[in-house]
Amino acid sequence: MISEEIKKDITQAVAAAPWWLPVKKADWRHPEGPDTDIRKRMDHPVIHVSWNDAIAFCKWAGKRLPTEAEWEYACRSGLENRLYPWGNNLTPHGKHRINVWQGKFPEENTKEDGYAGTAPVTHYPASKYGLKNMAGNVWEWTADWWEVKKGGSFMCTKEYCWRYRCAARSQNTPDSSAVNLGFRCASNLRPHSITDTPVTPRSKNEL
């Protein structure tokens, strides 16, 4: 997804994970570098947002990040012993309900779910709590002090990163951002009581 022009300027990589590349001037407006934009992805989740930035945005919007416990409870729709938001079968009735990696990672993504990168936040069916994309697509920051992120991403596969389960978790530094890392807002008010200015851009998810 990174252009050849951008790749020319990259001289470093993570030895044990060469697919991770430091891209200069990548941000939420230019996810794959300065020669990219989000004009055709306004219904996709926002990415390249650090924990610090997510906290600041939520504060500005009159909301907050969900705690890890809240996020996991919402992911399971209040039930227990559930791997995914809809149940324990990854592809019920042979249908994809999550945006993750298919094929051999990282050499080939067969895109059986229709996407090589992020998917629109409305693409997959909602859970019983009315929430979408709680698993897969992009990692989501939570409010916990360990800078916990939940949900897994489009780069996850069972053989490499089976963390698109509701119970799975990972961590990152509060100043880190990535092409597969975003967030959703939470609120202490019921939805019909919220009178805040609508979240912009539209690609922000809400819990």
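**Exercise 1. In which sense do strand S1 and S2 pair, and over how many bridges?**

Solution. Strand S1 (residues 139-141) and S2 are antiparallel partners, joined over two bridges. Strands here are DSSP runs of E with at least two residues, helices are runs of H or I with at least four residues, and both are numbered from the N terminus. Two strands pair if DSSP finds at least two bridges between them. Within this pairing, Glu140 faces Lys150 in S2.

The model is predicted, so local features need pLDDT of at least 70, side-chain atom pairs count only at pLDDT 80 or more, and totals for chains, interfaces and linings use all residues. Residues are numbered from 1 along each chain as its sequence is written, and side-chain values use heavy atoms, with hydrogens and water left out.

**Exercise 2. Place S1 and S2 in their sheet, and state which strands stand at the edges.**

Solution. Step one: the sheet is open, has four strands in the order S3-S2-S1-S4, and its pairing is mixed. Step two: S3 and strand S4 (181-182) are the edge strands; each has a single partner strand, so one side of each is without a neighbour in the sheet. As background, strands of a sheet pair through backbone hydrogen bonds, either parallel or antiparallel.

**Exercise 3. Find the disulfide, give its geometry, and say which parts of the chain it ties together.**

Solution. The criterion is a pair of cysteine sulfur atoms within 2.5 Å. This rule gives one disulfide. Its members are Cys75 and Cys166, with sulfur atoms 2.2 Å apart. The angle about the S-S bond is -70 degrees, which makes the link left-handed. Cys75 belongs to helix H3 (residues 68-75), while Cys166 is in the loop between strand S2 (148-150) and strand S3 (170-171), so the link ties together parts that are 91 residues apart in sequence.

Next, accessibility. Buried means under 20% relative accessible area, exposed over 50%, and partly exposed in between, with a 1.4 Å probe and protein chains only. Both Cys75 and Cys166 are buried. Cys185 is in no disulfide: the nearest cysteine sulfur, that of Cys58, is 3.7 Å away. Cys185 has 1% relative accessibility and therefore counts as buried.

**Exercise 4. Characterise the two largest pockets and the largest cavity by volume and lining.**

Solution. On a 1 Å grid over the protein atoms alone, a cavity is a set of points where a 1.4 Å probe fits but cannot get out; a pocket is an open set with protein on both sides within 12 Å along at least five of seven lines; lining residues have an atom within 4 Å of a point. Grid points are joined across faces, edges and corners, and a volume is the space filled by probe spheres set on the points.

- Largest pocket: the volume is about 660 Å³. Its lining has 26 residues, with Ile2, Trp19, Leu21, Met155 and Val179 nearest the centre.
- Second largest pocket: the volume is about 300 Å³. Of its 15 lining residues, Trp20, Trp139, Lys149, Tyr160 and Asn180 are closest to the centre.
- Largest cavity: the space is about 80 Å³. It is lined by 10 residues, and Ile38, Arg41, His44, Pro45 and Ile47 lie nearest its centre.

**Exercise 5. Is Ser127 buried or exposed, and which residues does Ser127 touch?**

Solution. Ser127 is located in the loop between H3 and S1. Its relative accessibility is 13%, so Ser127 counts as buried. Leaving aside residues up to four places away in sequence, Ser127 touches Ser77 and Pro85, where contact means heavy atoms within 4.5 Å.
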